[in-house]
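Grab a coffee and work through these exercises with the model open beside you. Each one has a task, then a solution in steps.

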Amino acid sequence: MKQVTLDIPITADAAIVWHGDRLYLLDQRLLPAREVFVECSDAPSTAEAIRAMVVRGAPAIGISAAYGVALAARERFASAGDDWRSSIESDLRVLAESRPTAVNLFWALAHMRRVIEGLPPGDPFERLLTEAQAIHARDREDNRRMGDFGAALIEGPTAVITHCNTGGLATGGWGTALGVIRSAHAQGRVERVYADETRPWLQGARLTAWELVRDHIPVQLMADGAAAARMARGGIGWVIVGSDRIAANGDVANKIGTYGLAVAARHHGVRFMVAAPTSTIDLDTADGSAIPIEERPADEVLQCAGQRTTAAGVGAWNPVFDVTPAALIDAIVTERGVIERPDAARIAAHMGGR
Ligand code: MRU
């Protein structure tokens with residue numbers, strides 16, 4: 001992967017950048033120590049950046065893949081002319097295979113495919129780039145709306161717990177769960193954030209804490225295992241998390257550890273909110289048991305910052321998402337509003353029935 005520095009301000013809301021004639025992704029594997037971009041010039045390089053977690057977070061993966069389709073179309077039209085439509089199929093496949101759980105990836109690819117089907121003959125690039133940019137901009141706007149809906153649920157002032165990174169880095173900007181927290185903090189409803197460090201990738205420690213400190217929102221980092229003890233001490237109003245895929249019955253896949261947080265929250269009478277755009281709701285998946293859960297290499301658990309921390313011969317199980325049953329969720333917040341105590345009927349009604 002080609003790493004470059006760009007002469008632009010580094011902010012969480014500028015993690016996905018179209019610059020000149022290429023896509024640049026802020027390398028989230030190196031934050032907060034280094035602010036470097038990875039250059040993507042075609043579908044394989046975009047897919048590799050998604051697979052390697054240069055860019056991560058469900059909406060950000062979808063947006064990046066949409067740009068990847070535009071890059072692929074430019075390349076295919078240059079080599080195959082009007083036959084580009086058949087040769088782009090392998091690019092769509094490569095992008096679809098980059099990560100399995102975040103349904104926003106497949107949503108974005110399906111959206112771009114529909115646009116492709118409606119294109120007239122000729123060079124498709126400008127039209128597909130405009131569409132990728134529209135998906136990117138719409139995600140930012142949706143997050144602001146979600147922020148307002150979610151903040152209104154928080155009576156506050158209170159402290160909240162969040163997990164993984166769901167901020168500008170994980171989206172087109174502002175964030176899903178972190179967007180709700182940002183909006184609620186601006187309204188005086190959230191005073192302090194307890195951020196799980198989120199083993200093994202440390203998205204909470206490296207990314208969420210970085211975003212919150214930059215926004216001057218008080219943040220206390222804690223080991224994932226400390227969350228239940230923190231709830232037991234009192235003063236936590238809500239646990240607020242994002243999602244990679246929400247099944248038709250309201251079961252929620254999110255970063256490993258979310259399910260345990262939901263169980264602990266119910267035990268302690270702490271409310272549990274999931275913030276996600278409707279592009280994360282997958283009506284074709286009946287319930288959480290049908291959501292494909294990505295498993296990543298054992299070394300991610302056996303090592304810390306590239307150093308092996310375990311004895312030779314130790315194995316590891318590394319599922320990177322888990323499923324929280326709908327019954328443990330008090331509210332799902334989307335850009336359209338709030339689904340309280342989600343179930344299949346309420347999800348269907350929210351999505352306009354089907
Ligand atoms: O493995 P990651 O870092 O891509 O996982 C990200 C998460 O689990 C987020 O919580 C989820 O994508 C919602 S973010 C907007």
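**Warm-up: the backbone**

Task: find where Pro157 sits and say which residue a cis peptide bond joins to Pro157.

Solution. Start with the place: Pro157 is in the loop between helix H6 (125–153) and strand E5 (158–162). Helices here are DSSP runs of H or I with at least four residues, and strands are E runs of at least two, numbered from the N terminus. Next, look at the bond: Gly156 is joined to Pro157 by a cis peptide bond, with omega about -5°.

Before going on, two ground rules. This is a predicted model, where local features need pLDDT of at least 70, side-chain atom pairs count only at pLDDT 80 or more, and totals for chains, interfaces and linings use all residues. Residues are numbered from 1 along each chain as its sequence is written, and side-chain values use heavy atoms, leaving out hydrogens and water.

Task: locate the cis peptide bond at Pro32 and the positive phi at Met53.

Solution. First, Leu31 and Pro32 share a cis bond, omega about 0°, and Pro32 lies in the loop between strand E3 (22–26) and strand E4 (37–40). Then go to the loop between helix H1 (43–51) and H2, where Met53 is found. Met53 is not a glycine, yet its phi is positive, about 70°. Why flag such spots? Because most residues other than glycine have a negative phi, and most peptide bonds are trans.

**Main course: the ligand**

Task: work out which residues come nearest to the ligand and which side chains make polar contacts with it.

Solution. Step one: 19 residues surround the ligand (a heavy atom within 4 Å), and Arg56, Ala58, Arg99, Asn254 and Lys255 come nearest. Step two: check polar contacts, meaning pairs of N or O atoms within 3.5 Å. A ligand oxygen is 2.7 Å from a side-chain N or O of Asn254; for Gln203 the distance is 2.9 Å, and for Asp244 it is 2.9 Å.

Task: which elements each supply at least two residues of the shell around the ligand?

Solution. They are helix H2 (58–80) and strand E10 (252–255).

Technical notes. Polar contact = N/O pair within 3.5 Å; in protein donor to acceptor, adjacent residues only side chain to side chain.
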